[in-house]
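Visitor: Please give me a close look at the packing of the helices in this structure. I should like to follow it residue by residue.

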Amino acid sequence: MRGSMVTPTIHNQPIGPAIYLETFGCQMNELDSELVTGHLQALGYQFVDQPGTADVVLFNTCSVREQAENKVFSRVGRLRQEKDKGREVVVGLLGCLAEREGSGLLQRRPEIDLLCGPGELDHLPMLLDNILKGQAVEAADRVALQGSNSRRSAALSAAEDSLEVLDLSRAFDPDGGAIGGRAAYVRITRGCNKFCTYCVVPNTRGAEVHRPPDAIVQECRALADQGVIEITLLGQTVNHYVYVHGAAVSSCGDELPQVGPGLSAFRNGTAGGPGSRKTSFADLLARIHDEVPEIKRLRFVTSYPRDFGDDILQVMQQCPRICRYLHVPAQSGSDRILSRMNRGYSVSQYREFIDRVCSAMPDVSIAGDIIVGFPTETDEDFDQTCDLIRSVPFKNNFVFKYSPRPGTAAINRFEDDVPEAVKRSRLNTLLAIQSEVSRTVHEREIGHLHEVFVEKLGTGGAQQAPAGRVELGWETPVGPQAQLSGRTPGDLITVFDVPPTQSAESLIGEIVPVRVHSAAPRLLRGSLEGALNPV
Ligand code: 5AD
Ligand code: SF4
């Protein structure tokens with residue numbers, strides 16, 4: 001890869017080209033896009049809202065399902081037509097699709113100028129610089145991917161982890177970020193070691209790498225100093241976080257990111273080896289809670305149903321600002337399918353875990369993910385999934401039709417033999433069952449007072465499921481007054497009328513008390529209670 005210069009600024013004023021960046025997929029991608037934006041802005045690039053006015057169009061892509069990839073390719077196809085008509089625009093793919101397709105994509109889709117995998121985003125300025133200065137002579141000047149060695153190289157390079165710089169160099173924009181800069185994501189672990197047979201993530205994001213706890217706490221502190229009051233910690237299997245002190249240290253004595261322990265070490269309690277000092281996920285949660293009290297809500301996603309220790313539950317019980325909310329995907333209610341998915345737990349183990357969580361915290365809120373139509377899934381397997389959904393108090397489940405993904409074990413081992421119509425019908429059946437379960441979960445809240453973190457005016461945006469997910473039937477309440485919507489600590493969407501005397505905008509980004517008076521499957525409705533001062 002050539003080039004070491006980056007586009008300059010004059011007196012910190014942007015003089016660089018205009019970039020349009022569109023993000024697909026998960027929260028990890030949203031965070032990556034935020035960090036990349038800050039990095040490029042600091043180098044003088046400007047960001048625009050419309051692709052039509054941009055010099056550079058970047059797509060931060062997701063590969064988890066084919067549908068997500070198709071969307072990106074259709075956007076790229078449109079840009080190709082414009083390029084054919086003479087428009088000069090640099091088109092770049094960032095993220096998992098770039099990593100999964102590899103550099104051959106540049107030949108297959110010559111309208112694409114740049115590829116940058118999720119583990120190489122710190123190289124993006126250099127790639128852009130190469131291209132914009134006409135120095136990208138060879139394909140290698142336009143590509144930054146971990147490649148087929150991604151797992152090995154991620155492991156080897158963890159100690160000299162340049163991506164850590166991207167997380168640490170987070171640019172702070174008081175008006176940017178979610179909810180007017182009051183909510184933020186903080187990554188604690190990158191990659192995944194689980195190898196569920198359907199999933200591309202272990203290939204595209206590489207091996208599990210844990211960030212040093214001091215760096216994470218520092219980042220939370222800096223965010224709090226900028227006015228953030230809600231932090232969501234991110235990891236593909238967030239409860240697997242563990243940092244062994246002294247194992248990876250720079251020449252200056254700073255702790256460095258490190259590769260996660262093997263699963264056997266996890267299960268027999270020897271992660272980090274005997275006598276080693278380590279920070280577990282429970283320790284990390286407690287540290288952030290105690291050391292950054294300005295953070296009023298601390299959340300974490302996504303939890304894995306195995307290896308979720310009682311120590312984590314205890315910390316959640318003891319620390320009032322840690323939200324009693326878990327997103328813990330079951331994926332299926334059939335042992336046969338779970339085993340083919342290589343999930344590493346049985347349905348009864350999943351149920352035991354949920355029972356343990358509910359008895360520790362009866363007010364906990366639980367969300368999940370389910371895949372329908374996994375290869376060989378029979379009506380009987382599917383019925384077992386329906387039973388699981390009926391018997392666990394899920395506030396919601398994201399339901400996906402199985403999508404065979406290149407590079408996964410499932411696509412090589414199993415024929416995609418469940419017809420599309422059957423997948424669709426199972427998805428609709430599950431949505432209907434979940435809708436009833438969600439209604440019951442929401443109705444339990446009637447009469448309760450909740451602290452609601454106000455997100456936006458109206459209900460529209462608050463009701464959108466994350467991209468690519470089929471959420472269970474949002475509905476739009478109607479009413480004469482302006483409405484605000486936000487979320488309870490348990491992540492239940494709550495809508496309330498704004499009293500005529502109150503400025504709705506002034507409440508956005510605040511936590512306010514709302515008494516719930518009615519419930520629907522997907523949301524609560526309530527009224528502001530008591531003094532209208534934020535909590
Ligand atoms: N097909 C359908 N759904 C998938 N997911 C991951 N891979 C696939 C796939 N190949 C779903 C899982 C996961 C969520 C993020 O996406 O349910 O929890
Ligand atoms: Fe994919 Fe499984 Fe890892 Fe989740 S735990 S990212 S589904 S491999």
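Guide: The account below begins with one pair of helices and then turns to a single helix and its surroundings. The model is predicted, so local features need pLDDT of at least 70 and side-chain atom pairs count only at pLDDT 80 or more, while totals for chains, interfaces and linings use all residues. Residues are numbered from 1 along each chain as its sequence is written, chains are lettered from A and ligands numbered from 1 in the order in which they are written, and side-chain values use heavy atoms, without hydrogens or water.

Helix 14 spans residues 347–360 and helix 15 spans residues 379–391; helices (H or I, at least four residues) and strands (E, at least two) are DSSP runs numbered from the N terminus. Their axes, lines fitted to C-alpha atoms over the stretch in contact, lie 12 Å apart at an angle of about 5°. Helix 14 and helix 15 are therefore roughly parallel, a term for angles under 35 degrees between N-to-C directions, on a scale from 0 to 180. In contact (heavy atoms within 4.5 Å) are Val347, Tyr350 and Arg351 of helix 14 with Asp387, Leu388 and Ser391 of helix 15. These residues divide into 3 nonpolar, 1 polar and 2 charged.

Within helix 15, Cys386 is buried (under 20% relative accessible area, 1.4 Å probe, protein chains only), because its relative accessibility is 4%.

Helix 11 (residues 281–291) has Phe281, Ala282, Leu284, Leu285, Ala286, Ile288 and His289 buried. The buried residues of helix 11 pack against helix 9 (213–225) and helix 12 (310–318), and also against strand 10 (230–234), strand 13 (278–280) and strand 14 (297–301).

Definitions and conventions
Buried < 20%, exposed > 50% of the residue type's maximum accessible area, 1.4 Å probe, protein only. Parallel < 35°, antiparallel > 145°, perpendicular 65-115°, else oblique. Nonpolar A, V, L, I, M, F, W, Y, C, P; charged D, E, K, R; others polar.
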